[in-house]
Amino acid sequence: MKNMLSMLLPRRHMLAMASAFALFANVGPSWAADESPDAFIKRITNETLDTIKADKALRNGDIGKIIQLVDSKVMPHVNFRRMTALATGPAWRKATPEQQKRLQEEFKILLVRTYAGALTQVSDQVVVVKPLRAGQEDKNLVVNTEVRGKGDPIQLDYRLEKTPGEGAGWMIFDLNVLGVWLIENYRTQFTKEINAGGIDALIASLAARNKSNAKPA
């Protein structure tokens, strides 16, 4: 069974998503706390993509190694609670703490496997970071980029927030590929599940999808 994102977006969009999450693979909090968001993304683009391109196992689609890379290096720079809440919509506030925990766990597995598969598509892509638009707030800031390689450039935008206090830095909570926001797409899917059977139905659906995606092709 194809994962949800591959059903929503064509192959070249998946290449952009691969580049998006590749950007965060080698980021450390001491760097992130001191940099502007556009400088942060620009600095790490080439080094992280080069790392993936130079690793034969990653290049050959070693899913186990890719999942380990994504889970350990990428996911700490994603605000999963906010992302899950936005994707779930108003029903999130009515969910119990245990339901919220389960939703985050299953959604995380779904995203890890989605982007692990996408990383196998990385080849000659480069990411060009556009100048940061002035007047944006740290809690909802967008960095615009283009993924360039074979074919037409692909619009890729990051929605970020600045985390305060110790370990402060930038966290991603949404992606926009060619005008399609990731959270908006997932919210459409999640809302259908919730309307049909409530939060528990959504959790069960995600768990079933993750179980199916984990099976060998």
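**Aromatic rings**

In this predicted model, three aromatic pairs are counted. One of them joins Phe107 and Tyr186, in an edge-to-face arrangement. Phe107 lies in helix H9 (residues 97-119) and Tyr186 in helix H10 (residues 182-197), so this pair links distant parts of the chain, 79 residues apart. Phe107 and Tyr186 are both buried. The rings of Phe107 and Phe190 also pair, and they count as edge-to-face because their planes stand at 70 degrees, over the cut-off of 60. This pair links distant parts of the chain as well: Phe107 is in H9, Phe190 is in H10, and 83 residues separate them.

A pair of aromatic rings is described by the distance of the centres and the angle of the planes. Here are those values for the two pairs.

| Pair | Centre to centre | Angle between planes |
|---|---|---|
| Phe107 and Tyr186 | 5.1 Å | 75 degrees |
| Phe107 and Phe190 | 5.3 Å | 70 degrees |

Phe107, Tyr186 and Phe190 form one aromatic cluster. Is Phe107 buried or exposed? Phe107 has a relative accessible area of 0%, so it is buried. Phe190 counts as buried too, because its relative accessibility is 1%, under the cut-off of 20%.

**Charges over rings**

Two arginines sit over aromatic rings. The charged end of Arg82 is over the ring of Phe173, 3.7 Å from the ring centre. For Arg159, the ring below the charged end belongs to Trp181, with its centre 4.0 Å away.

**The sheet**

Strands of a sheet pair through backbone hydrogen bonds, either parallel or antiparallel. Which sense does this sheet use? Its five strands pair in the antiparallel sense, forming an open sheet in the order E1-E2-E3-E4-E5. Strands E1 (126-129) and E5 (180-181) are the edges, and each pairs on one side only.

Now look inside the sheet. Strand E2 (residues 141-148) meets strand E3 (residues 154-163) over seven bridges. E2 and E3 make a hairpin, with five residues between them. In the turn, Gly151 has a positive phi of about 85 degrees. On its other side, E3 pairs with strand E4 (residues 169-177) over eight bridges. Leu156 in E3 can be followed across the sheet. Its bridge partner Thr145 is in E2, and its partner in E4 is Val177.

**The whole protein**

How many helices and strands are there? The protein has eleven helices and five strands. Of its 217 residues, 47% are buried. Among contacts between residues at least 6 apart in sequence, 60% join residues at least 24 apart. The exposed area is about 10,700 Å², and carbon and sulfur atoms supply 52% of it.

Technical notes: Residues numbered from 1 in each chain as written. Predicted model: local features only at pLDDT ≥ 70, side-chain atom pairs only at ≥ 80, totals over all residues. Heavy atoms only, no water. Pairing = 2+ DSSP bridges. Helix = DSSP H or I, 4+ residues; strand = E, 2+ residues; numbered from the N terminus. Buried < 20%, exposed > 50% of the residue type's maximum accessible area, 1.4 Å probe, protein only. Contact = heavy atoms within 4.5 Å. Areas by Shrake-Rupley, 256 points an atom, 1.4 Å probe, with all protein chains shown as cover. Phe/Tyr/Trp six-rings, centres within 6.5 Å; stacked < 30°, edge-to-face > 60°. Lys NZ or Arg CZ within 6 Å of the ring centre and 35° of its normal.
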